[in-house]
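Hi,

Here is the structure I promised to pass on. Have a look at it first, and my notes follow underneath.

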There are 4 protein chains.
Amino acid sequence: MKFNCDYMEGVHPQILKRLVETNLEQTAGYGNDPYCASAKKKILEACECPDGEVHFLVGGTQTNATVIAALLHSYDGVIAAETGHVNVHEAGAIEYTGHKVLTLPQKDGKINAESVGSYLKWFYSDENHEHMVQPGMVYLTHPTEYGTLYTARELEEIHKVCQEYQIPLFVDGARLGYGLAAEDTDVTLPVLARSCDVFYIGGTKVGAFCGEAVVIPKKGLIPKFFTTIKQHGALLAKGRLIGIQFDTLFTDHLYLDISRHAIVKAEKLKKALVEKGYTLYLDSPTNQQFVLMENRKKNELLEKVDFDFFENYDDTHTVMRFVTSWATREEDLDRLIEIL
Amino acid sequence: MKFNCDYMEGVHPQILKRLVETNLEQTAGYGNDPYCASAKKKILEACECPDGEVHFLVGGTQTNATVIAALLHSYDGVIAAETGHVNVHEAGAIEYTGHKVLTLPQKDGKINAESVGSYLKWFYSDENHEHMVQPGMVYLTHPTEYGTLYTARELEEIHKVCQEYQIPLFVDGARLGYGLAAEDTDVTLPVLARSCDVFYIGGTKVGAFCGEAVVIPKKGLIPKFFTTIKQHGALLAKGRLIGIQFDTLFTDHLYLDISRHAIVKAEKLKKALVEKGYTLYLDSPTNQQFVLMENRKKNELLEKVDFDFFENYDDTHTVMRFVTSWATREEDLDRLIEIL
Amino acid sequence: MKFNCDYMEGVHPQILKRLVETNLEQTAGYGNDPYCASAKKKILEACECPDGEVHFLVGGTQTNATVIAALLHSYDGVIAAETGHVNVHEAGAIEYTGHKVLTLPQKDGKINAESVGSYLKWFYSDENHEHMVQPGMVYLTHPTEYGTLYTARELEEIHKVCQEYQIPLFVDGARLGYGLAAEDTDVTLPVLARSCDVFYIGGTKVGAFCGEAVVIPKKGLIPKFFTTIKQHGALLAKGRLIGIQFDTLFTDHLYLDISRHAIVKAEKLKKALVEKGYTLYLDSPTNQQFVLMENRKKNELLEKVDFDFFENYDDTHTVMRFVTSWATREEDLDRLIEIL
Amino acid sequence: MKFNCDYMEGVHPQILKRLVETNLEQTAGYGNDPYCASAKKKILEACECPDGEVHFLVGGTQTNATVIAALLHSYDGVIAAETGHVNVHEAGAIEYTGHKVLTLPQKDGKINAESVGSYLKWFYSDENHEHMVQPGMVYLTHPTEYGTLYTARELEEIHKVCQEYQIPLFVDGARLGYGLAAEDTDVTLPVLARSCDVFYIGGTKVGAFCGEAVVIPKKGLIPKFFTTIKQHGALLAKGRLIGIQFDTLFTDHLYLDISRHAIVKAEKLKKALVEKGYTLYLDSPTNQQFVLMENRKKNELLEKVDFDFFENYDDTHTVMRFVTSWATREEDLDRLIEIL
């Protein structure tokens with residue numbers, strides 16, 4: 001019984017069923033198959049931007065590096081929260097493409113229109129800054145690394161600043177489903193399609209074996225992106241594997257439904273944690289719950305259930321992470337709550 | 001009915017069965033799961049180098065770029081046949097990592113110890129060559145882009161030259177199965193493990209959805225390769241997808257058996273082509289068969305069956321490619337032969 | 001007495017005089033000084049493109065790498081003759097910036113509109129080529145590595161092909177002076193400014209300590225080029241060093257006059273070589289003369305005078321190079337002719 | 001009269017004299033001339049490491065990027081103060097080579113053994129950090145961007161930590177002369193040669209037109225560095241320009257003497273500033289003096305004398321910078337003090 005992360009099981013049973021059914025069909029490679037075409041159409045419909053583009057890549061770090069490198073000029077860097085995944089846990093994949101991550105301070109994993117705007121204003125206030133890396137785009141994660149969410153208004157405000165300075169806004173949605181399915185959020189796929197220039201819908205962490213769907217609401221924003229994807233080694237030869245998965249996820253709201261499943265479980269866990277007197281490190285409305293624990297308690301629990309180290313808090317306390325997913329079983333959750 | 005390439009179907013049914021069976025098990029991410037561990041062990045055993053290392057990456061271009069960049073110093077280039085996949089069809093993925101492809105002339109897709117040795121001798125004959133890209137490794141494909149094969153002796157001779165100049169030899173085995181299963185070849189996995197410094201066993205084109213198994217016979221040759229794989233965006237979060245596939249492929253000789261299936265089909269096709277008076281462009285012992293055709297004939301056939309354009313020969317002739325695979329059905333082949 | 005190359009002395013005496021006169025003046029750094037401003041103005045006037053831009057970089061390889069990287073998208077490569085300097089003697093500086101050099105066959109160091117056009121036509125004839133490096137620009141050297149020259153018409157024809165495919169034409173003029181001053185050439189600075197998108201006027205090999213003047217006839221072609229130059233480590237802090245040198249070279253036609261000096265010497269040498277029965281390897285109208293020599297003769301001469309190895313011809317013959325320059329003294333040339 | 005920086009004049013008169021004297025001599029290119037050889041010998045003697053290596057590059061940003069890229073594996077980043085030149089004012093030159101700058105907090109521009117050690121200890125405390133950029137070296141500036149200096153002991157302690165983790169220590173000495181000539185410092189060239197793995201002796205800011213001398217105390221630390229320098233476009237064709245300058249600077253202690261000149265002037269200025277009631281932003285023992293000024297006062301002064309903006313302090317105050325150099329004239333300094 002593990003609550004470490006949301007990519008511990010295989011694939012949602014519906015997807016597996018489709019993979020089995022289609023297995024011996026012959027289709028063209030590199031995403032030129034009918035499943036990819038169908039999936040792209042459904043995704044664009046869900047995003048209410050039928051004239052946009054969708055591209056399928058394999059994993060999150062790869063998608064971030066490929067999209068960011070494709071959006072930036074060689075003299076540009078990417079603005080991100082100092083806790084942004086691209087700045088911390090991608091082994092320098094962004095820098096490997098030649099670009100600096102320009103970090104801004106964060107609160108609960110988020111940056112905001114004010115800090116982005118101040119940075120850009122300061123940057124353009126002095127021509128000596130032409131000796132510095134140019135701010136070429138803004139990168140957000142939604143949900144953030146702390147499980148928190150932007151509001152539609154916050155996204156729109158950041159986007160407005162980006163537009164003022166003519167730089168694109170890119171949203172990393174590796175866990176997007178769990179953000180869309182959260183309670184009280186007003187961020188939907190159409191909101192995202194209107195509020196940013198590129199974003200991706202994470203498959204790996206939301207029921208797929210692998211695959212991230214990059215959505216470019218305005219067609220043509222990134223010329224020759226196919227070749228760029230190939231150049232980054234991010235083009236799957238048997239592209240239909242991703243196509244079939246996303247086609248299934250975007251049929252009958254499966255993507256939202258299975259994300260909702262994780263949220264219901266996470267909310268139940270959160271309630272139990274609070275009732276049992278645990279200290280939430282922050283208030284996360286998504287499938288990741290962060291708990292500040294005494295190390296003694298942490299070690300005691302770890303003997304009974306697997307969950308994740310997040311960060312050291314002080315000499316005697318640690319921030320730990322519990323993660324639910326599309327696959328979390330009610331009985332496992334109940335056992336966890338019992339153990340807690 | 002398509003004979004275009006060997007990645008048109010899903011996955012070998014045995015693999016699908018294992019994916020279904022294991023689907024809801026919880027395992028650790030990033031390849032730290034028991035299936036990856038088991039697959040690695042079986043691969044090393046098959047290669048008779050139990051102390052070596054295996055790393056799983058997702059696709060071929062990615063594997064080439066990651067391994068080559070990991071093996072080279074920044075001032076090095078990679079020696080390859082001018083027809084080598086890294087030089088032609090990878091959208092500049094190698095150059096994107098900062099390295100030049102140093103091309104040698106080829107015959108039937110192959111280079112040889114003599115030409116490699118001459119190049120290296122010439123390079124080190126003049127100290128002015130320090131203004132040039134240093135030859136830092138040798139890259140071969142086996143089978144080559146033309147479906148041809150090296151002999152064990154040819155590999156060993158090239159390796160000997162590499163050792164003399166202290167540069168590694170890397171063999172791209174995207175279609176390795178079809179090479180190992182060819183008739184009359186003396187190249188086996190243990191031969192490869194002895195004759196080169198790094199090679200990979202292709203999964204994508206030999207029955208898997210995706211996945212390439214990089215074998216490093218001498219442990220430690222590439223330090224911190226895990227981080228490098230991550231940096232290249234080549235680390236699959238749900239690594240078990242590749243682990244389960246290779247674990248299945250390396251159980252009960254499945255990898256060889258299904259490759260052999262393709263060879264039997266290809267030999268039958270080759271025989272039929274010759275009997276019907278077609279001109280083979282070259283003699284390929286593997287699953288790709290190249291035929292020199294009059295354009296009129298080519299267009300006529302393309303109305304009845306899908307196969308692949310390879311290259312223009314002259315104004316009235318084209319080199320076309322027929323590919324068999326683990327999934328080729330006898331009845332389809334018979335229909336193809338009838339059409340021919 | 002050396003005839004190896006054209007960068008063996010210090011600086012033209014006129015330049016030295018200006019450096020001495022201005023030495024203790026205080027000026028702003030990074031090229032923001034009055035000498036750079038004046039030099040840029042004079043260069044643009046000489047090029048008859050007063051609205052263009054000039055940027056000063058330090059050396060040739062650096063200039064090639066910086067300009068090419070600035071002109072290309074990340075998915076692009078640069079078309080060049082297989083003998084082009086960027087392909088051979090720059091230690092992979094172009095690939096280090098992530099770009100492939102796409103080579104075309106050459107004749108006497110030159111490529112032509114036909115071969116460029118055929119390549120581009122072929123490239124865009126098949127959509128499968130999106131798996132390949134995109135041809136993003138054309139690179140020429142004028143004079144070439146073999147001392148040969150394009151005609152104005154040849155440049156214009158290549159440019160026309162480039163315009164048809166909307167890619168820029170870049171001319172490496174590391175030895176441009178010796179091309180402009182050649183007999184019977186119709187390529188002038190205004191011709192260059194009209195026939196290509198970017199070119200540079202070499203200082204290092206034509207009388208300066210260092211410095212190359214990049215001319216962009218149409219202002220704005222390369223946005224934020226200052227930052228790109230800085231990023232490449234190609235921005236001289238004491239930019240005036242280059243400014244003063246080019247300001248002097250472009251006062252009273254000094255650049256052309258001193259180049260003409262080298263041509264007069266080269267023509268005299270060529271005449272002597274022919275009269276004495278030497279075999280010219282090719283007919284060079286510029287300051288580099290290539291002679292095909294028996295190795296015995298070559299070794300005999302090398303005991304008496306320094307000149308340069310160019311390439312092995314066969315087991316008993318070598319192509320050797322004699323180079324004149326702005327600094328070649330009549331008495332040394334006479335002695336060389338005597339020795340020959 | 002300008003006190004903005006230390007690269008506003010040409011070259012020290014002694015150097016100019018040598019350039020004039022040697023101007024028409026013929027020497028080999030790319031640093032293979034007797035002046036480079038002599039300069040290297042003198043530098044190694046001054047550093048008391050006769051068996052070391054010296055390489056000449058042209059400018060500071062270029063030297064940092066070239067050395068850092070040469071020292072790091074592709075998966076490594078460079079540890080630096082958040083105010084380090086490589087992190088701020090080099091237009092992303094380090095990231096352009098593919099490497100992340102891993103920043104540590106600074107005090108007066110310095111980092112220390114403790115913070116470096118803690119970072120490295122933390123990094124290696126958790127194997128999950130293999131998803132992060134590996135710390136591959138430490139970069140310091142001496143003097144720092146704030147004009148401050150490390151003590152010999154501080155350098156040795158940082159070096160000890162580096163050795164413990166087997167990563168090199170690199171010291172950027174763009175203004176090294178002004179550090180060596182400071183009062184009360186115990187850091188000498190031999191101390192540097194013992195306490196770090198690579199450092200460079202800045203020429204551009206200490207009396208030369210251009211040129212930085214990279215010292216590698218232990219020969220062979222960076223293989224094929226010549227080719228790497230070429231690849232980075234950092235190899236000067238007419239290398240003697242740098243050779244002659246450094247040969248002069250390292251004859252009869254000229255480098256130290258002219259640096260001392262700047263220090264004497266800076267100390268006089270500092271004394272005057274304090275006496276006149278100005279607030280020093282920090283206590284700099286070198287040629288850069290930082291003053292915290294009311295904006296009104298600042299603007300008043302800028303009408304009479306040129307000096308440099310450093311950073312905004314608050315809405316009404318600014319940190320300004322006065323810089324002396326080898327070229328600062330007593331009469332100008334007196335006039336400045338009068339104006340203050």
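To start with a question: how are α2(B) and α11(B) oriented to each other, roughly parallel or oblique? Before the answer, one caution: this is a predicted model, so please read everything below in that light.

The axes of helix α2 (residues 34-46) of chain B and helix α11 (residues 240-249) of chain B come within 8 Å, crossing at roughly 40 degrees. Roughly parallel would need an angle under 35 degrees, and α2(B) and α11(B) are therefore oblique to each other. The crossing of α2(B) past α11(B) is left-handed. On the α2(B) side, the contact is made by Y35(B), C36(B), S38(B), A39(B), K42(B) and I43(B). Facing them from α11(B) are R240(B), G243(B), I244(B), F246(B) and D247(B). Sorted by class, the residues of this contact come out as 6 nonpolar, 2 polar and 3 charged.

While you are on α2 of chain B, look at E45(B), which forms a salt bridge with K41(B); their closest N and O atoms are 3.4 Å apart. The two residues, E45(B) and K41(B), are 4 apart in that helix, so about one helical turn separates them. Over all chains, the structure holds 84 salt bridges.

Chain C has a helix pair to compare with that one. Helix α12 (residues 254-275) of chain C packs against helix α14 (residues 330-339) of chain C at an angle of about 15 degrees, and their axes are 10 Å apart. That makes α12(C) and α14(C) roughly parallel to each other, with a right-handed crossing. From α12(C), the residues K265(C), K268(C), L269(C) and A272(C) meet E330(C), L333(C), D334(C), L336(C) and I337(C) of α14(C). The class count for this contact of α12(C) with α14(C) is 5 nonpolar, no polar and 4 charged residues.

Now the interfaces. Between chain A and chain B, 44 residues of chain A are in contact with 44 residues of chain B. The area buried there is about 4100 Å², and carbon and sulfur atoms give 59% of it. On the chain A side, Q26(A), Y96(A) and K238(A) lose the most area to chain B, together 20% of what that side buries.

For chain C and chain A, 17 residues of chain C are in contact with 17 residues of chain A. These two chains bury about 1600 Å² between them, 50% of it on carbon and sulfur atoms. Y75(C), H131(C) and K224(C) lose the most area to chain A within chain C, and together they make up 38% of what that side buries.

How many salt bridges are there between chain A and chain B? The count is 0, and across the interface of chain C and chain A it is 0 as well.

Finally, some backbone spots to check. Most residues other than glycine have a negative phi, and most peptide bonds are trans. In chain A, the peptide bond from H142(A) to P143(A) is cis, with omega near -10 degrees; P143(A) lies in the loop between β4 (134-141) and α7 (152-164). In chain B, the bond from H142(B) to P143(B) is cis too, with omega near -10 degrees, and P143(B) sits in the loop between β4 (134-141) and α7 (152-164) of chain B. Then there is E48(C), which is not a glycine yet has a positive phi of about 55 degrees. You will find E48(C) in the loop between α2 (34-46) and β1 (53-57) of chain C.

Cheers

Methods
Residues are numbered from 1 along each chain as its sequence is written. Chains are lettered from A and ligands numbered from 1 in the order in which they are written. This is a predicted model: local features need pLDDT of at least 70, side-chain atom pairs count only at pLDDT 80 or more; totals for chains, interfaces and linings use all residues. Side-chain values use heavy atoms; hydrogens and water are left out. Axes are lines fitted to C-alpha atoms, for helices over the stretch in contact, and angles run from 0 to 180 degrees between N-to-C directions. Angles under 35 degrees count as roughly parallel, over 145 as roughly antiparallel, 65 to 115 as roughly perpendicular and the rest as oblique. A crossing is left-handed if the near helix is turned anticlockwise from the far one by less than a right angle, and right-handed if clockwise. Contact means heavy atoms within 4.5 Å. Ala, Val, Leu, Ile, Met, Phe, Trp, Tyr, Cys and Pro count as nonpolar, Asp, Glu, Lys and Arg as charged, and the others, Gly among them, as polar. Buried area is the accessible area (1.4 Å probe) that two parts lose on being put together, summed over both. A salt bridge is a side-chain nitrogen of Lys or Arg within 4 Å of a carboxyl oxygen of Asp or Glu.
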